Amino acid sequence: MIKGIFHSAITVIDMERTLWFYCGILGGERIFTIEEPRGHPHITSVRFADDTFLEFFYPGPAEPTPEAADHHFALSTDDIFATEKLLDAHGVEILSRPKIVRDGNWQLWCRDPNGYRLEIMQVMPDCPQRRRPTAYEILY
């Protein structure tokens, strides 16, 4: 049912230096930026050759700390609703039921046994992560 890790995410202090490191030095490809409803950058996604991703969250008003940041990882599934039923059957705390999010993928959030937030995604064929854009795009 779970196919593998789709992405990991961290909040960064300096986005430009982060992208220089992960793209310029380590060979990642900047794919897209998701903006908040108010129009401010929120997340930039970087793809690596094996089609895994890192998501970099822009810092909020206060300097990010590991305790306050949106650190998580995402697993991919081929059937988000079957995964939801499996989690429900085992009494797992569901934080957010399946919904389509701004990148066009299905997403749900739950807690692991340690209390960590876990994102599970059904990645759709036409999502921006699967495209090879000539320049990064901005999603609203």
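Start with the whole chain: two helices and nine strands, taken as DSSP runs (H or I of at least four residues for helices, E of at least two for strands) and numbered from the N terminus. This is a predicted model, in which local features need pLDDT of at least 70, side-chain atom pairs count only at pLDDT 80 or more, and totals for chains, interfaces and linings use all residues. Residues are numbered from 1 along each chain as its sequence is written, and side-chain values use heavy atoms, with hydrogens and water left out.

Trace the chain along its sequence. The pattern reads β-α-β-β-β-β-α-β-β-β-β.

Colour by pLDDT, the predictor's confidence in each residue from 0 to 100. The chain mean is 82, and 85% of residues reach 70 or more. Among the elements, strand 6 (residues 94–100) has the highest mean, 95, and strand 9 (residues 137–139) the lowest, 63. Where pLDDT is low, the predicted coordinates should not be read in detail.

Next, select the largest nonpolar core. A nonpolar core is a set of buried Ala, Val, Leu, Ile, Met, Phe, Trp, Tyr and Cys residues joined through side-chain atoms within 4.5 Å. Buried means under 20% relative accessible area and exposed over 50%, with partly exposed in between (1.4 Å probe, protein chains only). This core has 12 residues, including Phe6, Ile31, Phe53 and Met121. Strand 1 (2–11), strand 2 (29–35) and strand 4 (53–57) each give two or more. Strand 2 supplies the largest share, three residues. Apart from this core lies another, of eight residues, among them Leu75, Ile80, Leu108 and Ile120.

Zoom in on Phe6. Beyond residues up to four places away in sequence, Phe6 touches Phe53, Ala74, Met121 and Val123, among others; contact means heavy atoms within 4.5 Å.

Move to helix 2. Its buried residues are Ile80, Thr83, Glu84 and Leu87. Down the helix axis they fall within an arc of 100 degrees, so they line one face; the arc is that of the directions from the axis to the C-beta atoms. They pack against strand 1, strand 5 (72–77), strand 6, strand 7 (106–111) and strand 8 (117–122). Turn the helix round: the face away from the buried side carries the exposed residues Lys85 and Ala89.

Select Glu84, in helix 2 (residues 80–89). Glu84 is buried at a relative accessible area of 13%. Leaving aside neighbours within four places in sequence, Glu84 is in contact with Arg97, Pro98 and Leu108.

Finish at the helix ends. Asp79 caps the N-terminal end of helix 2, with a side-chain oxygen 3.1 Å from the backbone nitrogen of Phe81. Just after helix 2, Gly91 takes a positive phi of about 70 degrees.

Notes: Polar contact = N/O pair within 3.5 Å; in protein donor to acceptor, adjacent residues only side chain to side chain.
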